[in-house]
Amino acid sequence: VFCRQFISMINAGVTIVDALGMLEEQTENKTMAKAIGGAKAEIGKGETLSNALGLYPKVFPDVMVKMVAAGEASGKLDVAFDRMASHFEKSAKLKAIMKKAAMYPMMLGFVAVGVVILMLTVVIPKYTEMFDSMDMKLPGLTLAVVAASNFVMKRWYVLVAIVVVAVAGIAPLIIALRGG
């Protein structure tokens with residue numbers, strides 16, 4: 001949005017400093033507004049747009065700074081911003097698709113875990129009572145399922161602790177992979 005709005009203003013004849021000033025006022029994201037204001041101040045001191053944006057790497061990615069520098073050098077700043085806008089739009093669309101694609105397996109996993117918990121805590125105990133009254137030797141797999149049910153019923157807190165430790169161990173890895 002920043003790239004599209006900026007280039008529209010520049011093409012309309014607004015100066016870079018004035019365009020940045022307008023964008024700073026319009027931007028709801030406080031971090032972005034502060035970076036735009038800082039870049040505007042740097043340009044006012046005589047810095048190039050690419051150098052001014054480069055001072056805020058958490059807001060303006062390196063690829064954008066380099067594209068702006070190339071646009072400044074070639075005199076085609078509008079082309080550089082247009083390409084960056086297209087790049088960011090495609091990137092955002094791809095991230096949205098990936099999030100949607102990840103939701104189905106996660107929901108399926110939650111439902112599967114819920115069904116297993118329901119089976120081990122409600123269904124299996126009823127069958128266990130029936131098996132006990134029949135006084136017969138049960139197959140090994142059935143005994144294992146009954147033992148798992150008994151464990152979940154009597155020691156559920158151990159499973160909760162394992163899940164908490166697993167989430168605490170995996171969360172930093174996920175955050176690191178996301179670039180946060």
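Mentor: Contact means heavy atoms within 4.5 Å. This is a predicted model, where local features need pLDDT of at least 70, side-chain atom pairs count only at pLDDT 80 or more, and totals for chains, interfaces and linings use all residues. Residues are numbered from 1 along each chain as its sequence is written, and side-chain values use heavy atoms, with hydrogens and water left out.

Trainee: Which residues does phenylalanine 81 touch, not counting residues up to four places away in sequence?

Mentor: Start with its setting. Phe81 is among the residues with the most contacts inside the largest nonpolar core. Such a core is a set of buried Ala, Val, Leu, Ile, Met, Phe, Trp, Tyr and Cys residues joined through side-chain atoms within 4.5 Å. With close sequence neighbours set aside, phenylalanine 81 touches Phe2, Cys3, Phe6, Ile7, Leu49, Leu53, Met64 and Val68.

Trainee: How many residues does the largest nonpolar core have?

Mentor: Look at the residues with the most contacts inside it: Phe2, Phe6, Leu49, Leu53, Phe60, Met64 and Phe81. Those are part of a longer list. The full count for this core is 23 residues.

Trainee: Which element gives the most to this core?

Mentor: Helices here are DSSP runs (H or I, at least four residues), numbered from the N terminus. Those that give two or more residues to the core are H1 (2-11), H2 (16-26), H3 (30-44), H4 (49-54), H5 (62-74) and H6 (77-134). The top contributor gives five residues, and that helix is H1.

Trainee: Are phenylalanine 2 and phenylalanine 6 stacked, edge-to-face or tilted, and what decides it?

Mentor: Both residues are buried, and they lie four residues apart in helix H1, so about one helical turn separates them. Rings of Phe, Tyr and Trp (its six-membered ring) pair if their centres lie within 6.5 Å; planes under 30 degrees apart count as stacked, over 60 as edge-to-face and the rest as tilted. Here the centres are 5.8 Å apart and the planes meet at 20°, so the pair is stacked.

Trainee: Which residues do ring pairs link into a cluster?

Mentor: The structure holds five aromatic pairs. Phenylalanine 2 with phenylalanine 6 is one pair of rings. The cluster linked by ring pairs is Phe2, Phe6, Phe60 and Phe81.

Trainee: How far apart in space are isoleucine 36 and phenylalanine 2, C-alpha to C-alpha?

Mentor: Isoleucine 36 sits in helix H3. Isoleucine 36 touches Phe2, along with Leu20, Leu23, Glu24, Thr27 and Phe60, not counting residues up to four places away in sequence. The two are 34 residues apart in sequence, yet their C-alpha distance is 9.8 Å.

Trainee: Is glutamate 42 buried or exposed?

Mentor: Buried means under 20% relative accessible area, exposed over 50%, and partly exposed in between (1.4 Å probe, protein chains only). Glutamate 42 lies in helix H3. Leaving aside neighbours within four places in sequence, glutamate 42 is in contact with Glu47, Ala52 and Leu55. Its relative accessibility is 18%, so glutamate 42 counts as buried.

Trainee: What is the relative accessible area of serine 149?

Mentor: Serine 149 is found in helix H7 (residues 140-154). Beyond neighbours within four places in sequence, serine 149 is in contact with Leu120, Ile124 and Pro125. Serine 149 is buried, with a relative accessible area of 1%.

Trainee: How far apart in space are alanine 161 and isoleucine 174?

Mentor: Alanine 161 is found in helix H8 (residues 156-178). With 40% relative accessibility, alanine 161 counts as partly exposed. Alanine 161 and isoleucine 174 are 13 residues apart in sequence, and from C-alpha to C-alpha the distance is 20 Å.
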